[in-house]
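Let's take a walk through this one together, starting with the helices and salt bridges and ending up at the sheet. Keep the viewer open as you read.

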Amino acid sequence: MKEFHCGTLVPGCDWHTRHEEEAEVIRRAVEHMREAHGETIIRESMIEAIRSRIDRAKNAA
């Protein structure tokens, strides 16, 4: 299980997501960046910033 916490990229944001597939975590994070933070253009550097902040979920069963 992999997880992404938006606050590691956008200080103060409490949103997070987790999923088995890294691609799905990235898709959800991009959707969140568009909806919550008003990002209209998602560049490759943003994808890489998200990817670099994806961790293994600590409490995954």
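Before we start, a word on naming: helices here are DSSP runs of H or I with at least four residues, numbered from the N terminus. Keep in mind too that this is a predicted model.

With that in hand, go to helix 1, which covers residues 22-37. R28 and E24 sit four residues apart in this helix, which means about one helical turn lies between them. Their side chains form a salt bridge, with the closest N and O atoms 3.0 Å apart. R28 itself is partly exposed, at 26% relative accessible area. The pair isn't on its own, either: E24, R27, R28 and E31 are linked in a network of salt bridges.

Helix 2 (residues 44-52) offers a similar case to look at. Here R51 and E48 are three residues apart, so again about one helical turn separates them. The salt bridge between their side chains has an N to O distance of 2.6 Å. Both residues come out as partly exposed, R51 with a relative accessible area of 31% and E48 with 36%.

Now for the sheet. It's an open one, with three strands in the order 2-1-3 and antiparallel pairing. Strand 2 (16-19) and strand 3 (55-56) each have a single partner strand, so they stand at the edges with one side lacking a neighbour in the sheet. Strands of a sheet pair through backbone hydrogen bonds, in either a parallel or an antiparallel way. Strand 1 (residues 2-5) pairs with strand 3 over two bridges, in the antiparallel sense.

Which residue of strand 3 is the bridge partner of E3? That's D55. E3 also has a side-chain link: it meets R18 in a salt bridge, 3.0 Å from N to O. Because E3 belongs to strand 1 and R18 to strand 2, this pair ties together parts that lie 15 residues apart in sequence. As for accessibility, E3 is buried, at 6% relative accessible area, whereas R18 is partly exposed, at 35%. In total, the structure holds six salt bridges.

Last, see how helix and sheet come together. Helix 1 lies across strand 1 and strand 2, and runs at about 155° to strand 2. Look for H32 in this helix. Is H32 buried or exposed? Its relative accessibility is 9%, so H32 counts as buried. Leaving aside residues up to four places away in sequence, H32 touches C6, C13, W15 and H37.

How values were computed: Residues are numbered from 1 along each chain as its sequence is written. This is a predicted model: local features need pLDDT of at least 70, side-chain atom pairs count only at pLDDT 80 or more; totals for chains, interfaces and linings use all residues. Side-chain values use heavy atoms; hydrogens and water are left out. Two strands pair if DSSP finds at least two bridges between them. Contact means heavy atoms within 4.5 Å. Axes are lines fitted to C-alpha atoms, for helices over the stretch in contact, and angles run from 0 to 180 degrees between N-to-C directions. Buried means under 20% relative accessible area, exposed over 50%, partly exposed in between (1.4 Å probe, protein chains only). A salt bridge is a side-chain nitrogen of Lys or Arg within 4 Å of a carboxyl oxygen of Asp or Glu.
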